[in-house]
Amino acid sequence: MDTAKRLPKWILALLLAFVAVLPRSDGFSAQARHFSSGCTSRQEIALTFDDGPNPPYTEQILDILSARGARATFFVVGAAAESHPDLVRQEVELGMAVGSHSYGHSEELARMGPDDFRQDLQRAEAVLAPILGKKPSLYRAPYGKTGAVILEELRRAGYVSIGWDIDSGDWDNNTTTEQIVENVLSRAHPGGIILLHDGGAGEGNPNRTATVEALPRILEGLRERGLEPVTVSEIIAPSCP
Ligand SMILES: [Zn+2]
């Protein structure tokens with residue numbers, strides 16, 4: 001008798017527990033999806049540029065990309081976008097994707113609680129949304145450091161987290177142009193996400209001459225391999241493994 005009365009509660013509890021671990025109907029789970037690479041049946045690859053906008057390198061990179069009909073994704077720092085909104089506008093006008101790379105690029109972000117992280121996310125969003133004409137949906141954590149707090153806040157705010165699987169090494173100012181080209185082309189594959197920088201928010205040195213010099217050779221090499229540079233959004237989907 002008692003058991004029979006309690007049974008529905010047990011069933012309810014089990015059902016709730018089961019539903020909590022199920023993926024949401026939109027294909028994303030309780031934490032934002034994190035993509036280190038994309039998935040595509042086409043011969044496509046994604047170039048990403050972090051830490052800008054940062055004159056004159058951002059303009060130089062945009063010139064090189066647009067002259068060659070290549071698309072890329074720029075993960076911009078909110079504070080830098082505030083100083084150079086025209087450069088972000090130019091990125092959008094040239095068909096590039098723009099994602100958030102936090103407001104202040106703080107090393108502390110990964111250790112912050114949800115409230116402080118959310119504050120930084122919203123501050124960047126307040127700068128970017130009016131320029132983009134919509135809320136950004138791509139986020140790259142500074143230094144690539146994500147965690148449960150960050151991923152949960154990103155999901156709540158409607159972002160996906162984007163990492164990389166091809167590190168050009170250009171964040172280290174000792175990396176030569178030659179090495180940047182080699183690091184990218186030796187690891188290039190369909191669905192790959194390439195890490196490059198047009199700014200230097202985290203490392204303090206914003207000189208991106210080596211990256212600018214490497215870019216035409218990278219684009220040439222990718223196309224020799226039959227790989228088309230597209231935006232990150234074009235190679236990620238909830239169905240990616
Ligand atoms: Zn960065």
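# Exercises on a predicted model

Helix α5 (residues 114-132) packs against helix α6 (residues 148-156) at an angle of about 50°, and their axes lie 10 Å apart. This model is predicted, and the exercises below begin with that pair of helices.

**Exercise 1.** Decide how the packing of α5 against α6 should be classed, and describe which residues form the contact.

*Solution.* The angle between the two helices is about 50°. Angles under 35 degrees count as roughly parallel and those from 65 to 115 as roughly perpendicular, so α5 is oblique to α6. The crossing in which α5 passes α6 is right-handed. On the α5 side the contact is made by Pro114, Phe117, Arg118 and Leu121, which meet Val149, Ile150 and Glu153 of α6. Sorted by class, the residues of this contact are five nonpolar and two charged, with no polar ones.

**Exercise 2.** Describe how helix α7 (residues 177-185) meets α8, giving the angle, the handedness and the residues involved.

*Solution.* The axes of α7 and α8 come within 8 Å and cross at roughly 35°, and α7 passes α8 in a right-handed crossing. From α7, the residues Thr177, Ile180, Val181, Val184 and Leu185 take part, and they meet Ala210, Thr211, Glu213, Ala214, Arg217, Ile218 and Gly221 in α8. By class, this contact holds seven nonpolar, three polar and two charged residues.

**Exercise 3.** Find which residues touch the most other members of the largest nonpolar core, and which helix gives the most to this core.

*Solution.* The largest nonpolar core has 62 residues, and the members that touch the most others are Ala46, Val76, Val98, Ile194, Ile218 and Val232. Helix α8 (residues 209-224) gives the most to this core, with seven residues. To look at one of the well-connected members, take Ile194: leaving aside residues up to four places away in sequence, Ile194 touches Ile45, Ala46, Leu47, Thr48, Trp164, Ile166, Ser168 and Val184. For the protein as a whole, buried residues make up 42% of the 241 residues.

**Exercise 4.** Work out whether Asp51, Ser102 and Asp63 are buried, exposed or partly exposed, and say where each is found.

*Solution.* A residue is buried if 20 or more other C-beta atoms lie within 10 Å of its own, and exposed if 12 or fewer do. Asp51 has 27 C-beta neighbours inside 10 Å and therefore counts as buried; Asp51 is found in the loop between β2 and α2. Ser102 has 24 other C-beta atoms within 10 Å, so Ser102 is buried too, and its place is the loop between β4 (97-100) and α5. Asp63, found in helix α2 (residues 57-67), has 14 such atoms within 10 Å and is therefore partly exposed.

**Exercise 5.** Identify what is unusual in the backbone at Asp51, at Ser102, and at the peptide bonds leading to Pro53 and Pro56.

*Solution.* Most residues other than glycine have a negative phi, and most peptide bonds are trans. Asp51 is not a glycine, yet its phi is positive, at about 80°. Ser102, also not a glycine, has a positive phi of about 80°. Turning to the peptide bonds, the one that joins Gly52 and Pro53 is cis, with omega about -5°, and the one from Pro55 to Pro56 is likewise cis, with omega near 0°. Pro53 lies in the loop between β2 (44-50) and α2, and Pro56 is placed in the loop between β2 and α2.

Key
Residues are numbered from 1 along each chain as its sequence is written. This is a predicted model: local features need pLDDT of at least 70, side-chain atom pairs count only at pLDDT 80 or more; totals for chains, interfaces and linings use all residues. A nonpolar core is a set of buried Ala, Val, Leu, Ile, Met, Phe, Trp, Tyr and Cys residues joined through C-beta atoms within 7 Å. Helices (H or I, at least four residues) and strands (E, at least two) are DSSP runs, numbered from the N terminus. Two residues are in contact if their C-beta atoms, placed from the backbone, lie within 7 Å. Axes are lines fitted to C-alpha atoms, for helices over the stretch in contact, and angles run from 0 to 180 degrees between N-to-C directions. Angles under 35 degrees count as roughly parallel, over 145 as roughly antiparallel, 65 to 115 as roughly perpendicular and the rest as oblique. A crossing is left-handed if the near helix is turned anticlockwise from the far one by less than a right angle, and right-handed if clockwise. Ala, Val, Leu, Ile, Met, Phe, Trp, Tyr, Cys and Pro count as nonpolar, Asp, Glu, Lys and Arg as charged, and the others, Gly among them, as polar.
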